[in-house]
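Reader: I've got a fold to look at and a few things to ask. Could you walk me through it?

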Amino acid sequence: MFDPETLRTFIAVAETGSFSKAAKLLFLTQPTVSAHISSLEKELDSRLFVRNTKEVKLSEEGKQL
């Protein structure tokens with residue numbers, strides 16, 4: 001089962017399109033947000049976001065979650 005804090009982090013990143021904006025919204029550090037997403041991706045064995053230097057978008061697997 002997924003940790004509720006990790007799911008809140010996933011939702012915040014999906015809604016804001018940014019790890020740093022999600023961190024500010026959740027009062028977390030950006031490395032903590034990255035660790036939550038990395039943990040979730042490892043648990044699901046899927047990339048949940050497509051990342052580039054300007055934006056973060058949900059992957060197809062992320063949309064399904």
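Author: Sure. A quick definition to start: a residue is buried when its relative accessible area is under 20%. Also keep in mind that this is a predicted model.

Reader: Then what share of the residues in the chain is buried?
Author: Apply that under 20% cut-off to each residue. Out of the 65 residues in the chain, the buried ones make up 31%.

Reader: In what order do the helices and strands run?
Author: The chain has 4 helices and 2 strands to place. Reading from the N terminus, the order is α-α-α-β-β-α.

Reader: Why does the radius of gyration agree with a compact globule?
Author: The C-alpha atoms fit a box of roughly 25 × 25 × 15 Å along the principal axes. For 65 residues, a compact globule would come out near 11 Å, so the chain agrees with that, at 11 Å.

Reader: Which helices each supply at least two residues of the largest nonpolar core?
Author: In soluble globular proteins, nonpolar side chains tend to be buried together. Here the largest nonpolar core has 12 residues, among them Phe10, Phe19, Ile37 and Phe49. The helices that each give this core at least two residues are helix 1 (4-16), helix 2 (19-26) and helix 3 (30-44).

Reader: And what does phenylalanine 10 contact, leaving aside neighbours within four places in sequence?
Author: Phe10 belongs to that largest core, as do Ile37, Leu40, Leu48 and Phe49. Contact here means heavy atoms within 4.5 Å. With those sequence neighbours set aside, phenylalanine 10 touches Ile37, Leu40, Leu48, Phe49, Leu58, Gly62 and Leu65.

Terms used. Residues numbered from 1 in each chain as written. Predicted model: local features only at pLDDT ≥ 70, side-chain atom pairs only at ≥ 80, totals over all residues. Heavy atoms only, no water. Rg over C-alpha atoms; globule rule 2.2 N^0.38 Å. Buried < 20%, exposed > 50% of the residue type's maximum accessible area, 1.4 Å probe, protein only. Core = buried A, V, L, I, M, F, W, Y, C linked by side-chain atoms within 4.5 Å.
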